[in-house]
Amino acid sequence: MLANVKVVLVGTSHPGNIGSAARAMKTMGFTQLVLVAPLCEIDEKSVALAAGAADVLENATIVDTLEEAVADCGLVIGTSARSRTLQWPMLDSREAGLKLIEEVPNYPVALVFGRERIGLTNDELQKCTYHVCVAANPEYSSLNLAMAVQILTYETRMAYLATNTYPEQENPYPKQAELEMFHTHLEQTLWDSGFINKAHPGVVMNRLRRLFTRARPETIELNILRGALVSIQRNFKK
């Protein structure tokens, strides 16, 4: 089950951090490391700091975008500080572990970690189903990348050890790639209808993306929505 949990590192700039994250992963039983547009290569320092987890580094997947990394995932949890400007469904680290183990029997799931200095961008955070915030000391909440990976993989492992009998969902959630196709389809339909304000095109879509992320339509429900959009577009043509 843990082999189906992706640990995704976005824009990592220091090879030692990749190695330390691999070590944190392996101590908790995780093996699937994905690097998104890393700013450094896996090198001798990475291997040295991996301290026996070189196999995790050797099998790491490197992709150009977060979309590629999580396209096959039905659940994506991104690390984030609490934001007043981008309100998104939030979990604490324990809730994140439980949620990952609850859904991993149905499809791949992902834990996404951002850049060492600036974390994930707002656009990347909007690709996530939930955000997770580690409840650190508010007076000094600085966690390095490997620490964050260690905490969240530990909580996920503890959830896994507590129970591995979650039943498969009768109506599973769509994969991330399917959700992106829906959002693209919705945006095009709203453009065709004249609903989107051309002066501020992103405002409506950002809020609608948040709405559907919060609602989390199941696959069958998403198919109904896509069918409705097709019907609307067909009537536009008439």
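Student: What volume does the largest pocket have?

Tutor: Since this is a predicted model, the pocket is read from computed coordinates. Of the 26 residues that line the largest pocket, the closest to its centre are Thr-79, Ser-80, Ala-81, Ser-141 and Leu-143, and the lining as a whole divides into 14 nonpolar, eight polar and four charged residues. The volume of the largest pocket is about 730 Å³.

Student: Which element gives the largest share of the lining of the largest cavity?

Tutor: The structure holds one cavity of 30 Å³ or more, and about 150 Å³ of space lies in the largest cavity. Of the 16 residues lining that cavity, Thr-129, Gln-176, Leu-179, Phe-212 and Thr-213 are the closest to its centre. Two elements, H8 and helix H9 (201-215), give two or more residues to this lining. The largest share, four residues, comes from H8.

Student: Are H8 and H10 roughly parallel or roughly antiparallel to each other?

Tutor: The axes of helix H8 (residues 176-193) and helix H10 (residues 219-237) come within 10 Å and cross at roughly 25°. Angles under 35 degrees count as roughly parallel. The two helices, H8 and H10, are therefore roughly parallel.

Student: How many residues in the contact of H8 with H10 are charged?

Tutor: Among the residues that meet across this contact are Glu-178, Asp-192 and Leu-179 in H8, together with Arg-226 and Leu-222 in H10. When the residues of the contact of H8 with H10 are divided by kind, 10 are nonpolar and five are polar, while the number of charged residues is three.

Terms used: Residues numbered from 1 in each chain as written. Predicted model: local features only at pLDDT ≥ 70, side-chain atom pairs only at ≥ 80, totals over all residues. Heavy atoms only, no water. Axes fitted to C-alpha atoms, helices over the stretch in contact; angles between N-to-C directions. Parallel < 35°, antiparallel > 145°, perpendicular 65-115°, else oblique. Contact = heavy atoms within 4.5 Å. Nonpolar A, V, L, I, M, F, W, Y, C, P; charged D, E, K, R; others polar. 1 Å grid on protein atoms, 1.4 Å probe; cavity = no way out; pocket = protein on both sides within 12 Å on 5 of 7 lines; lining within 4 Å. Points joined across faces, edges and corners; volume = space filled by probe spheres on them.
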